[in-house]
Amino acid sequence: MLDHMDIQCASTAFIVNPQKNLLIDEADYVCHLTRHPLDHSVIKCIAKVAEKERQRTNSEGGSQAGEKRKNEEGFHLESYLCSGLDVYLATEPCAMCAMALLHSRIGRVFYLRHNTLCGALGSRYKLHTHSSLNHKFKVFCSV
């Protein structure tokens with residue numbers, strides 16, 4: 001059974017290449033099933049993108065750090081995993097997921113509903129606007 005925190009953080013994530021209107025990967029929130037604290041949809045989706053990129057670079061014999069390269073979808077990754085990509089969520093991400101999006105250098109975040117308990121991109125915090133962070137991204141909410 002979902003507890004209050006599970007309901008507030010439950011979401012599905014879709015990472016999309018907006019230039020090609022192409023779904024890169026998706027993941028569902030499964031913390032309530034696995035009881036693993038890192039099984040948030042955003043974390044799982046970023047991990048899937050990272051695994052695809054690891055497999056691609058291994059099959060090509062690796063790449064140099066900082067080298068501009070294209071992934072299988074033809075998108076320049078510029079040494080950061082999700083540069084220029086968008087993520088679509090049903091619910092505003094928690095602080096852990098928001099920081100994962102920041103560190104992966106996501107381009108934009110779109111979500112449908114606020115997360116009043118632990119939302120980190122508008123409801124409780126606005127991590128993406130913090131002046132000390134070296135990456136900024138745009139956030140859009142339908143509410």
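What share of the contacts between residues at least 6 apart in sequence join residues at least 24 apart? In this predicted model, the share is 51%. The close-ups below pick out a few places in the chain.

**Figure 1. The whole chain, before zooming in, has four helices and five strands.** Read from the N terminus, the order of elements is α-β-β-α-α-β-α-β-β. The chain has 143 residues, and 41% of them count as buried.

**Figure 2. Helices α3 and α4 pack side by side, with axes that come within 8 Å.** Here α3 covers residues 41-59 and α4 covers residues 95-103. Their axes cross at roughly 25°, which makes α3 roughly parallel to α4. As for handedness, α3 passes α4 in a left-handed crossing. The residue classes at this contact are easy to tally: seven nonpolar, no polar and no charged. On the α3 side you'll find V42, I43 and I46, and they meet M96, C97, A100 and L101 of α4. A bit of helix geometry helps when looking at such a list: an α-helix has 3.6 residues a turn, so residues three or four places apart point the same way.

**Figure 3. Helix α4 has buried residues that pack against α3, β3 and β4.** Which residues of α4 are buried? They are C97, A98, A100, L101 and L102. Two of the partners in this view are strands: β3 spans residues 86-91, and β4 spans 108-113.

**Figure 4. Strand β3 is seen here through V87 and A90.** Start with V87, which counts as buried at 1% relative accessibility. Setting aside residues up to four places away in sequence, V87 touches A13, F14, I15, L101, I106, R108, V109 and F110. One of these, F14, sits 73 residues from V87 along the chain, yet their C-alpha atoms are 5.4 Å apart. Now slide along to A90, also in β3. With the same kind of neighbours left out, A90 touches S11, T12, L112 and R113. For A90 and F14, the sequence gap is 76 residues and the C-alpha separation is 9.6 Å.

**Figure 5. R105 sits in the loop between α4 and β4.** Just after α4, R105 takes a positive phi of about 65°. Is R105 buried or exposed? With a relative accessible area of 10%, R105 is buried. Its contacts, leaving aside neighbours within four places in sequence, are Y80, C82, S83, G84, N134 and H135. One of those contacts, C82, turns up again in the next view.

**Figure 6. The cysteines C82 and C94 are viewed here in a structure with zero disulfides.** For C82, the nearest cysteine sulfur belongs to C45 and is 7.9 Å away. C82 is also buried, with a relative accessible area of 0%. Why does C94 have no bond to C97? The two sulfurs are 3.8 Å apart, too far for a bond, given that a disulfide needs sulfur atoms within 2.5 Å. C97 is the closest cysteine to C94 by sulfur distance. Like C82, which is buried, C94 counts as buried, in its case at 9% relative accessibility. C97 also belongs to the buried set of α4 and to the contact with α3, linking this view back to the helix pair.

Terms used. Residues numbered from 1 in each chain as written. Predicted model: local features only at pLDDT ≥ 70, side-chain atom pairs only at ≥ 80, totals over all residues. Heavy atoms only, no water. Axes fitted to C-alpha atoms, helices over the stretch in contact; angles between N-to-C directions. Parallel < 35°, antiparallel > 145°, perpendicular 65-115°, else oblique. Left-handed = near helix turned anticlockwise from the far one by under 90°. Contact = heavy atoms within 4.5 Å. Nonpolar A, V, L, I, M, F, W, Y, C, P; charged D, E, K, R; others polar. Buried < 20%, exposed > 50% of the residue type's maximum accessible area, 1.4 Å probe, protein only.
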